[in-house]
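These are my notebook entries on one structure. I record what I looked up, topic by topic.

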Amino acid sequence: MDILLIVIGAICLIVGLAGCILPMLPGPPLAYVALLLLHFTSTIDFTTTELLIWLAVVVVVQLLDYFVPMLGTKYFGGSKWGTRGCVVGTLIGLLFMPWGIVLGPFIGALVGELIGGSKTHQALKSSIGSLIGFLCGTVLKCMVCGYFIWEFVSAFFN
């Protein structure tokens, strides 16, 4: 039974890492499931504190993944219109997976800025901020999954 849990956990890690890039797969939650499966084997025993901290990290990263594009818009000089457009674009983008989650915030921020009266140059600048925010969120998810892979592999050598 342990071998089956370890193999399924390894598959979850691989799919979780792919999920950092493919928006239709929840990357960090799948990688966390791999650690849970490893915990339920008879050979590896993570502490409850570790599992709860990792769960909190996964929840925070998943939430940030939706808000970081909005923060990127704001950081790049976007107005309230651009930020609101980014939120609306993100929500609409969820309906058009997988590319909608990438293009939705970008297009939403662009349209929001243009509706708010910004010049095209400023609208593009703030919408590029949403794209950079999306990329930062992706890097953050990859870092979390990479850490979970490290914990999974190093658990066998302790």
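Which residues lie nearest the centre of the largest pocket? I note beforehand that the model is a predicted one.

**Entry 1: the largest pocket.** I looked up the lining and found 16 residues, of which Pro23, Asp65, Tyr66, Ile101 and Lys141 lie nearest the centre of the pocket. I recorded a volume of about 200 Å³ for this pocket. I then asked which helices contribute to the lining: α3, α5 (100–115) and α6 each supply at least two residues. The most comes from α3, which gives four residues. By character, I sorted the lining into ten nonpolar, four polar and two charged residues.

**Entry 2: helices α2 and α3.** I next looked up how helix α2 (residues 27–39) packs with helix α3 (residues 48–75), and I found an angle of about 170 degrees, with the axes 9 Å apart. Angles over 145 degrees count as roughly antiparallel, and α2 and α3 are therefore roughly antiparallel to each other. On the α2 side, I listed Pro28, Pro29, Tyr32, Leu35, Leu36 and His39 as making the contact. On the α3 side, I listed Leu51, Trp54, Leu55, Val58, Val61 and Gln62. The residues of this contact comprise ten nonpolar, two polar and no charged.

**Entry 3: tryptophan 150.** Is tryptophan 150 buried or exposed? I found tryptophan 150 in helix α6 (residues 120–154). Its relative accessible area is 60%, and exposed means over 50%, so I entered tryptophan 150 as exposed. I also looked up its separation from glycine 108, which is 42 residues apart from tryptophan 150 along the chain. The C-alpha atoms of these two residues are separated by 37 Å.

Key:
Residues numbered from 1 in each chain as written. Predicted model: local features only at pLDDT ≥ 70, side-chain atom pairs only at ≥ 80, totals over all residues. Heavy atoms only, no water. Buried < 20%, exposed > 50% of the residue type's maximum accessible area, 1.4 Å probe, protein only. Axes fitted to C-alpha atoms, helices over the stretch in contact; angles between N-to-C directions. Parallel < 35°, antiparallel > 145°, perpendicular 65-115°, else oblique. Contact = heavy atoms within 4.5 Å. Nonpolar A, V, L, I, M, F, W, Y, C, P; charged D, E, K, R; others polar. 1 Å grid on protein atoms, 1.4 Å probe; cavity = no way out; pocket = protein on both sides within 12 Å on 5 of 7 lines; lining within 4 Å. Points joined across faces, edges and corners; volume = space filled by probe spheres on them.
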